[in-house]
Amino acid sequence: FATPNEFIAWQLPITDPSSPTWKAIRLYQRLLRFHQADDDRAAFLDANLLRLNFAYNTALGEEKAARYKAALKRFADTDHPIAARALHRWADVLRAEGDLVNAHEIATQGLQRFPQSIGGRQCQNLIQQIEAKDIRSSTERVWTDPWPNISVSYRNIEQVHFRVVAYDWEQQIRQGRRPEQMDERGKKALLGTRPVLAWSRKLPATDD
């Protein structure tokens, strides 16, 4: 995760020459050294970003994510379209950590700086994933007094709606099927049934 010059100069100890990791590191060193003096920086930057990604997928330790993000942040300061790919990788790590606010902010930078680049489009896709609507609900299988709660997990949604319909499950149970095993045709039929109870709730807004 060091700078390219430090990585190229790294004297890697020969503990196991047959190790695929050892061979890959040596290969990235040779590749970066080969393109180090290129007038066109694209090949050098591309190899360096691939080197960082390889390190993240291979390295172990508690500091791995922090050092990877720091390296991507340095890379993102490069005035080249490949920097958008680094911004996407940085944002994607933040998204995986649950930091959606900063992930969205970093991906927006990549999209705005290089909108027509591969990295810019990757950032756009990530923004759409973060902004996508998502909702899940759960409750007890059998309801009896005291009545259970309905728990709702949501993202980018402001209101939730419920409808309760009456249904005779006897035939389905006789066929050995549980209620959640209803086919699509049965579900559509239920959706077209007049509800015996319907209500909605506004969902608390979140900063993220």
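These legends describe close-up views of one predicted protein model.

The model is predicted, so local features need pLDDT of at least 70 and side-chain atom pairs count only at pLDDT 80 or more, while totals for chains, interfaces and linings use all residues. Residues are numbered from 1 along each chain as its sequence is written, and side-chain values use heavy atoms, with hydrogens and water left out.

**View 1. The whole protein chain, with nine helices and four strands.**
Helices (H or I, at least four residues) and strands (E, at least two) are DSSP runs, numbered from the N terminus. Along the sequence the pattern reads α-α-α-α-α-α-α-β-β-β-α-α-β. The C-alpha trace spans about 75 × 40 × 35 Å along its principal axes. The radius of gyration of the protein chain is 26 Å, against near 17 Å for a compact globule of 208 residues. That radius is taken over C-alpha atoms, and the globule rule is 2.2 Å times the number of residues to the power 0.38.

**View 2. Surface and burial in the protein chain.**
Of the 208 residues, 29% are buried. Buried means under 20% relative accessible area, exposed over 50%, and partly exposed in between (1.4 Å probe, protein chains only). The accessible surface comes to about 14,600 Å², and carbon and sulfur atoms hold 51% of that area. Areas come from the Shrake-Rupley method with a 1.4 Å probe; for residues, only the protein chains shown count as cover. Contact means heavy atoms within 4.5 Å. Among contacts between residues at least 6 apart in sequence, 55% join residues at least 24 apart.

**View 3. The largest pocket, with a volume of about 1,200 Å³.**
On a 1 Å grid over the protein atoms alone, a pocket is an open set of points where a 1.4 Å probe fits, with protein on both sides within 12 Å along at least five of seven lines; lining residues have an atom within 4 Å of a point. Grid points are joined across faces, edges and corners, and the volume is the space filled by probe spheres set on the points. The lining has 21 residues. Arg163, Val164, Val165, Trp169 and Leu190 lie nearest the pocket centre. Strand S1 (134-138), strand S3 (159-164) and helix H9 (184-191) each supply at least two lining residues. S3 gives the most, with four. By class, the lining has 12 nonpolar, four polar and five charged residues. Ala, Val, Leu, Ile, Met, Phe, Trp, Tyr, Cys and Pro count as nonpolar; Asp, Glu, Lys and Arg count as charged; the others, Gly among them, count as polar.

**View 4. Pro195, in the loop between H9 and strand S4 (197-202).**
Pro195 counts as partly exposed because its relative accessible area is 28%. Leaving aside neighbours within four places in sequence, Pro195 contacts Arg163, Val164 and Val165. These three residues are among those nearest the centre of the largest pocket. Pro195 and Val164 are 31 residues apart along the chain, yet their C-alpha atoms are separated by 5.3 Å.

**View 5. Backbone details at Pro146 and Asn156.**
Most residues other than glycine have a negative phi, and most peptide bonds are trans. The bond from Asp145 to Pro146 is cis, with omega near 5 degrees. Pro146 sits in the loop between S1 and strand S2 (151-155). Asn156 has a positive phi, near 60 degrees. Its place is the loop between S2 and S3. Asn156 is partly exposed, at 37% relative accessibility.

**View 6. Arg95 in helix H5 (residues 83-96) and Glu105 in helix H6 (residues 100-113).**
Arg95 is partly exposed, at 31% relative accessibility. Not counting residues up to four places away in sequence, Arg95 touches Leu100, Ala103 and Leu126. The C-alpha atoms of Arg95 and Ser151 are separated by 24 Å, with their positions 56 residues apart along the chain. Glu105 is also partly exposed, with a relative accessible area of 44%. Glu105 and Trp90 are 15 residues apart in sequence and 11 Å apart, C-alpha to C-alpha.
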